[in-house]
Amino acid sequence: MLDSGIPPNVWTFNVLVNALSKLGMTEEAEELLEIMEESGVVPDVVTYTGLMKGYCLQGRMEEARRIFNAMVDRGVCPDSFCCNTLIKGYCENMQLDEAMHLFQEMPLQGLERDTTTFTIILQGLVSLGRYKAAEEILNEMQTADLIPDNKTCDLLLKGLCQSGHIDDALFLFQMMENKGLDVDIGKYNILSDAFCKNKKLDNARDLVTTLPSKGSCPDVKTSLL
């Protein structure tokens with residue numbers, strides 16, 4: 001590009017930063033930020049997010065947070081995708097308190113928490129067995145008229161059932177039905193199995209008998225309950 005007299009722009013640098021970060025070459029990617037500034041190209045939120053993601057993938061969360069702070073200090077406003085990247089990094093590296101802090105800070109900074117934001121937090125909480133906190137986040141999600149994706153619903157159902165929160169699991173199940181989400185046979189099995197283990201056989205039977213009216217058929221596991 002330079003040989004052709006075409007100077008690289010922010011989009012060009014962003015592609016390079018993202019590629020290097022994905023390859024684990026975060027130091028080299030960060031050096032590009034200096035080259036950008038020397039070339040008069042101002043890094044944007046996409047630039048910083050790509051570099052943050054690279055550090056998150058390496059588990060270097062202090063470095064990821066340093067980049068986030070540097071971005072803010074330089075007057076570049078984070079967006080929801082940027083925050084989601086950092087929150088996911090915290091969750092995947094078992095730093096739930098830091099993830100929760102950023103999650104709670106987002107609305108205070110005028111940033112929208114979308115379905116992805118809530119899903120990341122829910123999966124992180126459930127993976128560490130923090131079901132009570134997950135329930136609270138789920139309630140916040142409902143208030144915002146959002147709902148977790150199918151995979152997260154399965155994790156929540158299993159987690160709530162395993163921790164003895166059967167009523168909450170049933171509430172989640174019914175909420176999914178009311179929202180018109182895909183309530184597959186696997187979800188019926190999770191809930192009916194929990195009913196059986198907690199000696200609520202009538203509840204399990206009632207749940208299974210509704211399958212034909214919902215257009216679903218019992219599978220082998222359902223038949224064994």
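**Exercise 1.** Which side chain meets arginine 113 in a salt bridge?

*Solution.* Start with the source. This is a predicted model, where local features need pLDDT of at least 70, side-chain atom pairs count only at pLDDT 80 or more, and totals for chains, interfaces and linings use all residues. Residues are numbered from 1 along each chain as its sequence is written, and side-chain values use heavy atoms, with hydrogens and water left out.

Step 1: take the rule. A salt bridge needs a side-chain nitrogen of Lys or Arg within 4 Å of a carboxyl oxygen of Asp or Glu.

Step 2: apply the rule. The partner of arginine 113 is glutamate 140, at 2.9 Å, N to O.

Step 3: place the pair. Glutamate 140 sits in helix H8 and arginine 113 in the loop between H6 and H7, so this pair links distant parts of the chain, 27 residues apart. Helices (H or I, at least four residues) are DSSP runs, numbered from the N terminus.

Step 4: check the cover. Buried means under 20% relative accessible area, exposed over 50%, and partly exposed in between (1.4 Å probe, protein chains only). Arginine 113 is buried, at 16%. Glutamate 140 is partly exposed, at 27%.

**Exercise 2.** Find the partner of arginine 130 and explain what the pair ties together.

*Solution.* Step 1: arginine 130 forms a salt bridge with aspartate 97, at 3.5 Å, N to O.

Step 2: arginine 130 lies in the loop between helix H7 (115–127) and helix H8 (131–143), while aspartate 97 lies in helix H6 (residues 96–108), so the pair ties together parts 33 residues apart in sequence.

Step 3: arginine 130 is partly exposed because its relative accessibility is 32%. Aspartate 97 has 54% and is therefore exposed.

**Exercise 3.** Describe the salt bridge within helix H12, then look at the wider set.

*Solution.* Step 1: arginine 205 and aspartate 202 meet at 2.9 Å, N to O.

Step 2: the two are three residues apart in helix H12 (residues 201–209), so about one helical turn separates them. Aspartate 202 is exposed, at 52%.

Step 3: elsewhere, Glu30, Glu63 and Arg66 are joined into one network by salt bridges that share partners. The count of salt bridges comes to nine.

**Exercise 4.** Which residues form a negative surface patch?

*Solution.* Step 1: patch residues have over 30% relative accessible area and no salt bridge, and like charges are joined within 9 Å. Asp and Glu count as negative.

Step 2: the patch consists of Glu28, Glu31, Glu34 and Glu38.

Step 3: take glutamate 38. Helix H2 (residues 26–38) holds glutamate 38. At 66% relative accessibility, glutamate 38 is exposed.

Notes
Patch = residues over 30% accessible without salt bridge, like charges linked within 9 Å, V, L, I, M, F, W, Y side chains within 5 Å. Areas by Shrake-Rupley, 256 points an atom, 1.4 Å probe, with all protein chains shown as cover. Charge placed at Lys NZ, Arg CZ, Asp CG, Glu CD.
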